[in-house]
Structure formats: C-alpha cells, structure tokens
Amino acid sequence: MSSFKNFLQSGHSPTLFAAFLYFSFSCCIWVLNGAMAPFIGETFNLSPAQKGLMLSVPIIAGALMRFPLGILSQYIGRKKATLVEMGLIAVAMLFGFFYVKSFNDLLAMGVLLGIAGASFGVALSLGSGWFPPQHKGLAMGLVGAGNVGTAVSVLVAPPLANWLGWQAVYGVAAVAILIPMAVMVVFAKEPPDVNAHSNLREHIACLFEKDGWVFSLIYGVTFGGFIGLTTFLPSYYYDQFGVSKVQAGQLTMLAAFMGAAVRVVGGWISDRWGGVNTLTVVLLVVAVSLVLVGASSGSLAVTTLVLIVCFAALGAGNGALFQLVPLRWPASTAVAGSMIGEIGALGGGLVPNAMGLSKQYLGSYLWGFVFFALLSLVMLGVMRVMQIRWTRTWAEKGGRARLTPSHAAHAATSKASSRVRKAARS
C-alpha cells in the first residue's frame with residue numbers, strides 16, 4: 001500500500017481517474033454491436049460471414065481514427081481532444097437510436113461506433129503524462145484497465161436489449177457518455193510532458209521506424225486479440241453452445257473482465273521484470289490457449305476456462321507493450337501510442353472476419369483460432385530478434401526502464417520529473 005501511495009503521489013491521480021473513466025465508457029460503447037450481435041443477427045437474418053463483417057467494421061474504424069485523434073491532441077491538448085470525441089460519440093449514438101433500419105445502416109453505425117474506439121492513445125497519454133518514467137507502466141496499465149468497459153458492455157447490453165429493444169441501447173449510451181464528460185471537465189488537468197515546440201515531422205517520426213511497426217504488429221495480437229474476441233464471443237457462445245443471448249454476454253464478460261483487470265498487472269510486472277520478458281510469456285500462452293479453445297468446442301466449461309487464461313495473457317500483454325512505448329518515445333507518447341494503437345487494433349478486425357469465414361466455408365471455427373495462434377508465434381519470433389537492439393539502445397535487459405542513463409540524460413530526466421511533481425502539487 002505504501003508503494004502504491006508513493007506511486008499516486010508521484011503524479012496527478014484525479015487525471016488518472018478521469019482518463020480511466022473516459023476509456024472505460026469508450027470501450028463499452030465501441031463493442032456494443034458485438035454485445036448485441038445475437039439480437040442483431042436475428043433481426044437481419046445474418047450469415048456467419050455477414051456477422052464477421054458487421055463485427056469487424058467498428059474495430060477497423062476505431063483503429064483508423066486513433067492516429068488523427070492523437071495528432072489533434074498534440075495541438076489542442078489531450079483533455080480538449082477527449083471532450084471533442086465524447087461529444088461526437090453522443091451524436092453517433094443518436095444516429096443509431098433513430099436511423100438503423102437495414103444491414104447497410106448497421107455497417108454505417110459500425111463506422112460511427114469506431115469514434116469510441118479512437119480513445120486509446122489519448123487516454124493512456126493523458127493518464128500517464130503526470131508520472132515519471134519508472135511509474136508510467138503502472139499508470140498506463142491502470143488507464144488501460146478501462147478495457148473493463150468491454151466486459152460491462154457484454155454484461156449490461158443484452159439485458160437492456162431484451163427489455164427495451166437493441167436499438168434503444170444506443171439511446172442509453174448517448175446519455176451515459178455525459179458522465180465521463182463531466183468528470184473530465186471537473187477533475188482532469190493537461191499534463192506538462194509534451195514539447196510544445198515539436199513539429200509534425202517530429203511527432204510522426206515513429207511512423208518511419210522499424211520499432212513502431214514491430215510494436216504495432218505485436219499489439220495487433222494482444223489488443224487486437226482482446227477486442228476482436230470480445231466482440232466475437234457473444235455470437236460464438238450463442239451459435240456454438242446454444243446458450244441464451246443474455247448468457248452468451250455473461251460468459252463473454254468473465255473472459256473480458258479478466259483481460260481488463262490483468263492489464264494493470266501486466267504494466268506493474270513489466271516495470272519490474274521488463275516488457276520484453278513479459279511479452280515472451282504472453283505470446284506463448286496466447287498461442288497455446290487459442291489452439292485449445294478451437295479444439296474444445298464441444299465443452300462449454302473447458303472453452304470458458306481456457307478463454308479466461310487466454311484473456312489474462314492478452315491483458316498482461318497490452319500492459320507490457322505500453323510499458324515499452326514511453327521508454328522508446330518519451331516526448332511523443334500520445335502520437336506514438338495512437339499510431340501503434342491504430343495499426344495494432346486493425347488486428348482485431350481480423351478475428352471476427354476469420355472466424356466467420358472459417359465457419360461458413362470450412363464448417364468450423366477451429367481454423368480461425370489456429371490462424372490467430374500462428375500470428376502470435378510469428379510475432380514472438382520477430383520480437384526476440386528485435387529486442388537485441390532495443391536492450392543496447394533505449395531499454396535495460398528484458399525491457400526495463402533505464403535508471404542509470406548518461407549524465408546529460410540523467411540531468412534532463414531529473415529536471416523533467418521535478419517539473420511534473422511541482423505541476424501536480426499545484
């Protein structure tokens with residue numbers, strides 16, 4: 001407890017909480033179509049491939065919107081960028097409530113749901129911006145635990161859809177987003193950790209470096225797997241095991257909640273053990289557990305237990321990867337995080353599409369799970385090769401933060417940390 005208290009005192013905890021709440025609500029809204037997929041599929045009589053397309057559109061749209069939001073946050077501030085985004089989310093939910101009448105309208109609604117998915121990079125940078133380098137992994141893990149919003153969505157949306165009708169859930173979401181907006185206005189403070197003189201070229205430098213693309217592809221497995229599976233599982237449980245629509249959401253919630261909760265642990269472990277070491281274990285566990293899920297499709301209990309293990313690994317992997325990001329790009333974490341989030345989240349769009357195509361053309365979901373397991377192993381190999389250079393340049397062995405940099409860098413870091421603490425106290 002003393003260590004956690006020291007962590008909170010090293011930054012600005014009200015901003016951390018506001019960023020967490022903002023990201024939680026955004027994640028909840030982002031996966032609404034997935035949470036209500038059994039209802040939507042029944043309404044429009046969708047094939048497996050159509051369900052896969054419907055579920056992938058919000059994920060892909062959210063991924064593509066992340067980087068522009070990150071750029072905007074560099075110019076108007078992260079706090080203002082979150083308020084702009086939440087206002088647009090409210091408008092998008094009203095469109096869903098009033099105008100979704102066909103499958104094409106549903107796809108358009110998926111694009112609008114993507115607005116909520118754009119929140120990631122800005123939320124993490126806003127929440128962790130007040131904290132010194134040795135605590136950024138935990139700070140990002142706490143904000144990233146807002147992924148729990150996906151678990152809330154799959155738990156709450158199906159009963160609401162049963163009670164009010166699935167389109168009415170969009171209307172409820174339009175009102176609910178006012179809560180994090182109010183908290184953001186009252187409690188959040190813009191962090192001082194961005195160089196105001198940096199130009200656009202400097203902000204997007206990570207786009208032209210191998211490390212940025214490697215991080216993005218790894219994130220395509222960890223977060224892409226998390227969000228893609230969370231969106232897909234209500235349909236999988238309903239179709240594969242014949243459970244009710246509400247039960248399908250409850251079973252998905254068990255796994256999604258585990259993934260969101262363990263993200264914090266992943267950031268904490270990575271601060272101590274190193275992000276590279278943590279990701280090595282994560283990618284191995286993900287690969288094995290996905291194959292086991294595909295092979296255990298006849299048992300609801302085994303499938304659920306293995307999925308919980310898989311989601312725990314994915315959540316830890318998300319926290320581990322974003323322990324490394326501020327170490328690699330300390331002056332442009334928001335944009336680097338948004339770029340990695342954008343490219344990486346596209347991996348989530350592969351999951352429901354792969355599952356739908358596998359079921360429709362191969363007669364089983366098994367090969368969709370195997371496909372994603374193979375991607376995990378490929379990215380493990382790529383990371384183990386790249387980490388040799390990482391630990392010679394910007395990270396300690398295993399991916400820990402460098403606590404003994406050169407004299408000049410040490411002086412600059414100490415000065416920056418002092419400014420952060422002084423601003424937080426004020």
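Visitor: Which helices each supply at least two residues of the lining of the largest cavity?
Guide: Those are helix H5 (48-76), helix H14 (210-241) and helix H18 (333-362). Keep in mind that this is a predicted model.

Visitor: Which one has the largest share of that lining?
Guide: H5 does, with 4 residues.

Visitor: And how much space lies in the largest cavity?
Guide: About 80 Å³.

Visitor: Which residues line the largest cavity?
Guide: From the lower numbers, Pro48, Lys51, Gly52 and Leu55. Then come Phe232, Ser235 and Asp239, followed by Pro352, Met355, Gly356 and Tyr365.

Visitor: How do the residues of that lining divide into nonpolar, polar and charged?
Guide: There are 6 nonpolar, 3 polar and 2 charged residues in the lining of the largest cavity.

Visitor: How many cavities of 30 Å³ or more does the count come to?
Guide: The count is 4.

Visitor: OK, pockets now. What's the volume of the second largest pocket?
Guide: The second largest pocket comes out at about 260 Å³. Its lining has 16 residues, and the closest to the centre are Phe25, Cys28, Val152, Val156 and Ala176.

Visitor: Which helix gives the most to that lining?
Guide: H10, with 7 residues. Helix H10 (148-164) is joined by H2 and helix H11 (166-176), and each of the three supplies at least two lining residues.

Visitor: How many charged residues are in the lining of that pocket?
Guide: No charged ones: the lining of the second largest pocket has 13 nonpolar and 3 polar residues.

Visitor: You mentioned H2. What's its reach from first C-alpha to last?
Guide: H2 covers residues 13-30, 18 residues in total, and reaches 25 Å. That is close to the 26 Å expected at 1.5 Å a residue.

Visitor: Is H2 mostly covered or mostly exposed?
Guide: Mostly covered, with 13 of its 18 residues buried.

Visitor: What about H8, how many of its residues are buried?
Guide: In H8, residues 120-128, 9 of 9 are buried. Among them are Phe120, Val122, Leu124 and Leu126, as well as Gly121 and Gly127.

Visitor: Let's zoom out. How many helices and strands are there in the protein?
Guide: The protein has 20 helices and 0 strands.

Visitor: And what percentage of the residues count as buried?
Guide: 59% of the 426 residues. The protein exposes about 16400 Å², and carbon and sulfur atoms supply 69% of that area.

Visitor: Among contacts between residues at least 6 apart in sequence, what share joins residues at least 24 apart?
Guide: That share is 85%.

Visitor: Got an example of residues far apart along the chain? Where is Ile218, say?
Guide: Ile218 is in helix H14. The C-alpha atoms of Ile218 and Gly347 are separated by 9.3 Å, with their positions 129 residues apart along the chain.

Visitor: Is Ile218 buried or exposed?
Guide: Buried, at a relative accessible area of 1%. Not counting residues up to four places away in sequence, Ile218 touches Leu279, Leu321, Met379 and Met383.

Visitor: And Gly259, which helix is that in?
Guide: Gly259 sits in helix H15, residues 245-273. Gly259 is buried too, because its relative accessible area is 1% and the cut-off for buried is under 20%.

Visitor: What is Gly259 in contact with, leaving aside its neighbours within four places in sequence?
Guide: Phe226, Phe311, Ala312 and Gly315. As for Asn318, 59 residues away along the chain, its C-alpha is 9.1 Å from that of Gly259.

Visitor: How exposed is Ala108?
Guide: Ala108 lies in helix H7, residues 103-117, and is partly exposed at 33% relative accessible area. From Ala108 to Val57 is 8.6 Å, C-alpha to C-alpha, and the two are 51 residues apart in sequence.

Visitor: Last one: what's phi of Asn45?
Guide: Near 55 degrees, which is a positive value in a residue other than glycine. Most residues other than glycine have a negative phi.

Visitor: Where is the place of Asn45?
Guide: Asn45 is in the loop between helix H4 (37-44) and H5. Asn45 counts as exposed, because its relative accessibility is 67% and the cut-off for exposed is over 50%.

Note on methods:
Residues are numbered from 1 along each chain as its sequence is written. This is a predicted model: local features need pLDDT of at least 70, side-chain atom pairs count only at pLDDT 80 or more; totals for chains, interfaces and linings use all residues. Side-chain values use heavy atoms; hydrogens and water are left out. The expected span of a helix is 1.5 Å times one less than its number of residues. Buried means under 20% relative accessible area, exposed over 50%, partly exposed in between (1.4 Å probe, protein chains only). On a 1 Å grid over the protein atoms alone, a cavity is a set of points where a 1.4 Å probe fits but cannot get out, and a pocket is an open set with protein on both sides within 12 Å along at least five of seven lines; lining residues have an atom within 4 Å of a point. Grid points are joined across faces, edges and corners, and a volume is the space filled by probe spheres set on the points. Ala, Val, Leu, Ile, Met, Phe, Trp, Tyr, Cys and Pro count as nonpolar, Asp, Glu, Lys and Arg as charged, and the others, Gly among them, as polar. Contact means heavy atoms within 4.5 Å. Accessible areas come from the Shrake-Rupley method with a 1.4 Å probe; for residues, only the protein chains shown count as cover.
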